[in-house]
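Here is a short note for a colleague who has the coordinates open. The points run in numbered order and can be checked one by one.

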Amino acid sequence: MLGKFFQRPAQEEKERVPPGQYLTKGFPVLTYGDTPQVNTDEWQFRVWGLVTPKSFTWSDFMALPQHEFTADFHCVTRWSKLDVKWTGIKVTDFMKQIEVDPKAVYVMEHCYGGYTTNISMEDFLKEENFFAFKLFGEPLPAEHGGPMRLVVPHLYAWKSAKWINGLEFLQNEELGFWERNGYHHRGEPWAEERYSNF
Ligand SMILES: Nc1nc2c(c(=O)[nH]1)N[C@H]1C(S)=C(S)[C@@H](COP(=O)(O)O)O[C@H]1N2
Ligand SMILES: [Mo]
């Protein structure tokens, strides 16, 4: 009888886990290289490429509307974590602060430490994407990308750049770090887009 009560949530959870992924209760850290230590006073965020170049400080970002987000997180190395709670700023709100040339169809995410990852404008502009600066109500820890990271819930988490510090708008697709090293250009977990499509 008791089993019945616990079965249903388990089934619901199962339906939220993409093929080939398993659930983890903790929140593993996955970083290539060292963890950059960046404080909010020196933090700077720039946009360049097919956009009117502009630079933002931490307080510029904090002046944008803030929201709570709950999102599932899927790493291509096969762990998934459900219901991660973040505080952040919607990508769509940030985009109102800049003037992007309509010829821009791709975006390169740039980070402190040199990591890059590419994303199409269409995937980037989704309403559910956000810049996160809190994790479960606490300032985002450095190892999880603090002070600020991007979160793109509908793609594998390597697209969710930690220590993000810039966006480069592009007319043609260029590849980021993992994409040059054999990962899929898009990385949609439900289609198991793990490895290179070229
Ligand atoms: N700058 C940067 N961002 C990054 C990475 C990285 O190595 N450097 N790793 C990516 C990968 S592969 C994953 S799964 C997630 C992991 O985020 P977490 O360490 O907060 O779990 O961050 C992504 N963003
Ligand atoms: Mo990952």
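**Notes on salt bridges, sheet and overall fold**

1. Start with a local pair. K103 and D101 form a salt bridge, with the closest N and O atoms 3.6 Å apart. K103 is partly exposed, at 45% relative accessibility. D101 is also listed as partly exposed, at 25%. The cut-off for buried is under 20% and for exposed over 50%, so the 25% of D101 falls in between.

2. The model is predicted, so read every distance here as computed from a prediction. The chain averages a pLDDT of 95. At least 70 is reached by 95% of the residues. Confidence is lowest in α1, where the mean is 68. It is highest in strand β10 (residues 149-151), at 99. Please treat α1 with that mean of 68 in mind.

3. Which residue pairs with R16 in a salt bridge? The partner is D72, and the closest N and O atoms are 2.9 Å apart. This pair links distant parts of the chain, 56 residues apart. R16 lies in the loop between α1 (2-15) and β1 (22-23), while D72 belongs to strand β4 (residues 67-74).

4. Are R16 and D72 buried or exposed? R16 is partly exposed, with a relative accessible area of 30%. D72 is buried, at 18%. The limit for buried is under 20%, so the 18% of D72 meets it. The pair is also part of a wider set: R16, D72 and D83 are linked in a network of salt bridges.

5. K90 gives another link between distant parts of the chain. It forms a salt bridge with E127, and the closest N and O atoms are 3.1 Å apart. K90 sits in strand β5 (residues 79-90). E127 sits in the loop between α4 (121-124) and β8 (130-135). The two are 37 residues apart. E127 counts as partly exposed, at 48% relative accessibility.

6. How many salt bridges are there by this rule? The count comes to nine. The pairs discussed above include R16 with D72, K90 with E127 and K103 with D101. As background, side chains of opposite charge can pair when their charged atoms come close.

7. Now the sheet. Five strands form an open sheet, in the order β3-β2-β11-β6-β7, with mixed pairing. The edges are β3 (54-57) and β7 (116-120). Each has a single partner strand, so one side of each is left without a neighbour in the sheet. From one strand to the next, the twist averages 20°.

8. One pairing inside this sheet deserves a look. Strand β6 (residues 106-111) and strand β11 (residues 164-170) run antiparallel and share six bridges. Which residue of β11 is the bridge partner of Y106? The partner is L170.

9. Last, the whole chain. It holds five helices and 11 strands. A compact globule of 198 residues would have a radius of gyration near 16 Å, and the chain has 17 Å, which agrees. The C-alpha atoms fill a box of roughly 60 × 40 × 30 Å along the principal axes. Buried residues make up 48% of the 198.

10. Contacts complete the picture. Take those between residues at least 6 apart in sequence: 67% of them join residues at least 24 apart. The salt bridges of R16 with D72, 56 residues apart, and of K90 with E127, 37 residues apart, likewise link distant parts of the chain.

Terms used:
Residues are numbered from 1 along each chain as its sequence is written. Chains are lettered from A and ligands numbered from 1 in the order in which they are written. This is a predicted model: local features need pLDDT of at least 70, side-chain atom pairs count only at pLDDT 80 or more; totals for chains, interfaces and linings use all residues. Side-chain values use heavy atoms; hydrogens and water are left out. Two strands pair if DSSP finds at least two bridges between them. Helices (H or I, at least four residues) and strands (E, at least two) are DSSP runs, numbered from the N terminus. Axes are lines fitted to C-alpha atoms, for helices over the stretch in contact, and angles run from 0 to 180 degrees between N-to-C directions. A salt bridge is a side-chain nitrogen of Lys or Arg within 4 Å of a carboxyl oxygen of Asp or Glu. Buried means under 20% relative accessible area, exposed over 50%, partly exposed in between (1.4 Å probe, protein chains only). pLDDT is the predictor's confidence in each residue, from 0 to 100. The radius of gyration is taken over C-alpha atoms; the globule rule is 2.2 Å times the number of residues to the power 0.38. Contact means heavy atoms within 4.5 Å.
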